[in-house]
Structure formats: C-alpha cells, structure tokens
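Q: I would like a close look at one part of this model, with attention to backbone geometry and charged side chains.

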Amino acid sequence: MIKAVVFDVGETLIDETRIWSRWADRLGVSSFVLMGALGGMAALDRSHSEAFQLVRPGIDVRAEIAAWERDEPRSLRNHFDADDLYPDVRESLKALREAGYQVIVAGNQPARAFDALVAMDLPVDSVHTSEGWGVSKPAPEFFAKVAAIAGREPAEILYVGDRLDNDVLPAARAGMRTALLRRGPWGYLHAERPQARAADMIVDDLPALLPALERLT
C-alpha cells in the first residue's frame with residue numbers, strides 16, 4: 001500500500017517557462033529559439049545544458065550565471081518563486097495529505113531552491129534538494145535517501161516526476177511505485193515511449209493522482 005508520495009520539482013511542481021524565457025533574454029535569442037533547442041535536446045536524450053551551447057557556442061554556464069548575478073543582483077534571474085507554481089499544486093498536495101498520505105518534495109535542485117520552496121509554505125511534510133543531499137537523480141543513492149527520509153519501505157512510496165530517465169525508471173529500480181506526469185517537454189515526449197509502460201500510472205495533471213492512487217491500492 002502506498003503511504004508516501006514524493007514529488008520532483010521542475011515541470012512537476014514548478015512551471016519553468018519564465019525561467020527559460022529569462023535565459024533566452026540573457027542569451028540574446030528569442031524564447032522560441034531557446035525552447036525549440038530545449039525540445040530538441042529532450043527528443044535526443046541530451047542534456048538541457050547542450051541547448052546553451054547550441055545558441056551560444058563555447059558558453060561557460062557557471063561564469064554566465066555569476067556574471068548575471070553581478071549584473072542583476074535583485075532579479076530572479078534563473079531562480080523561481082511562488083508565482084511559478086503550477087496552478088494545481090497547492091490543492092493537489094493538500095488533498096493528498098488530507099487523504100492520509102505523507103507528502104515530500106525531493107528533486108534535482110540547487111541548495112537555494114530549498115529556501116524558495118520552503119517560503120511557499122506548501123502543504124508538505126518536508127522539502128529536500130539534491131545539492132543539499134550531495135547526490136542527484138538518477139543515482140540509486142538519491143532514491144535510497146528518499147526512502148530513508150520518508151521512513152518507509154520503497155514499495156510504500158510513489159515517486160512522481162516528468163521524466164523516464166531521472167524519475168520513473170530509477171525510482172522503479174529502487175523498488176518504488178511511479179507516476180509519469182505528462183507536463184513539460186520531457187513529460188510529453190517520454191509518455192509516448194514504450195518504456196513509459198514501466199510507470200504504475202501516467203497522469204495529465206496532479207489532481208489525477210489521488211483517484212489513480214485509490215485504484216492502485
């Protein structure tokens with residue numbers, strides 16, 4: 001029986017549209033160009049960082065981030081805040097907790113994302129980031145950490161994310177149940193792949209989780 005539901009962050013809880021649009025402005029290209037490059041990387045199973053190299057060959061992303069911070073110390077830059085939450089997040093997390101599920105946020109995010117997520121006062125039991133843990137998905141150690149934080153057996157945990165490679169497949173290998181969310185470029189692309197059958201459920205939005213869980217358990 002599922003007792004805990006654990007959520008990825010980017011394109012699961014957070015709509016990254018504004019972030020990528022700000023990156024496009026910084027790189028001096030249109031949002032359409034950068035979004036198209038990101039979609040291409042997703043389709044080719046290549047890192048999103050390669051989209052930066054495509055539009056600005058030779059870019060040092062870390063140096064660019066540091067320069068951006070110096071140029072705009074008080075702007076959001078490549079950060080997110082509560083305005084970037086998908087509209088269905090709060091009510092869906094609340095409904096899961098009211099139904100008796102432990103709700104946890106744990107995704108590949110920098111340490112600063114922890115403060116941003118905590119400031120949102122989401123109806124969750126705890127928030128965790130890969131940088132805070134010192135291990136990132138899809139490493140097995142990440143999912144072992146998820147189980148330890150939840151205090152549950154892996155089979156009692158449902159991991160929810162928008163990607164097969166980072167979320168569904170490694171979580172399943174760790175013994176967890178999984179939900180693939182058709183959201184964001186990776187979510188739509190990955191839901192069409194044969195490997196998507198490995199997911200215990202494929203959902204179009206977060207409100208669909210609770211009824212799907214009731215059918216699953």
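Is E69 buried, partly exposed or exposed, and what relative accessibility does E69 have?

A: In this predicted model, E69 counts as partly exposed, with a relative accessibility of 43%. E69 forms a salt bridge with R77, and the closest N and O atoms of this pair are 4.0 Å apart, a value to be read against the cut-off of within 4 Å that applies to such contacts. The partner, R77, counts as buried because its relative accessibility is 6%, where buried means under 20%. R77 is found in the loop between helix 4 (61-71) and helix 5 (89-98), and its backbone deserves attention as well, since R77 has a positive phi of about 50° although it is not a glycine. As background, most residues other than glycine have a negative phi, and most peptide bonds are trans.

The backbone of D121 may be set beside this: D121 has a positive phi of about 55° and is not a glycine either, but D121 is exposed, with a relative accessible area of 63%, and sits in the loop between helix 6 (111-119) and strand 3 (126-129).

Another salt bridge involves a residue at a cis peptide bond, for K137 is joined to P138 by such a bond with an omega of about 10°, and D167 forms a salt bridge with K137, the closest N and O atoms being 2.6 Å apart. Because D167 lies in helix 9 (residues 164-173) and K137 in the loop between helix 7 and helix 8, this pair ties together parts that are 30 residues apart in sequence. Both D167 and K137 are buried.

Methods
Residues numbered from 1 in each chain as written. Predicted model: local features only at pLDDT ≥ 70, side-chain atom pairs only at ≥ 80, totals over all residues. Heavy atoms only, no water. Helix = DSSP H or I, 4+ residues; strand = E, 2+ residues; numbered from the N terminus. Buried < 20%, exposed > 50% of the residue type's maximum accessible area, 1.4 Å probe, protein only. Salt bridge = Lys/Arg side-chain N within 4 Å of Asp/Glu carboxyl O.
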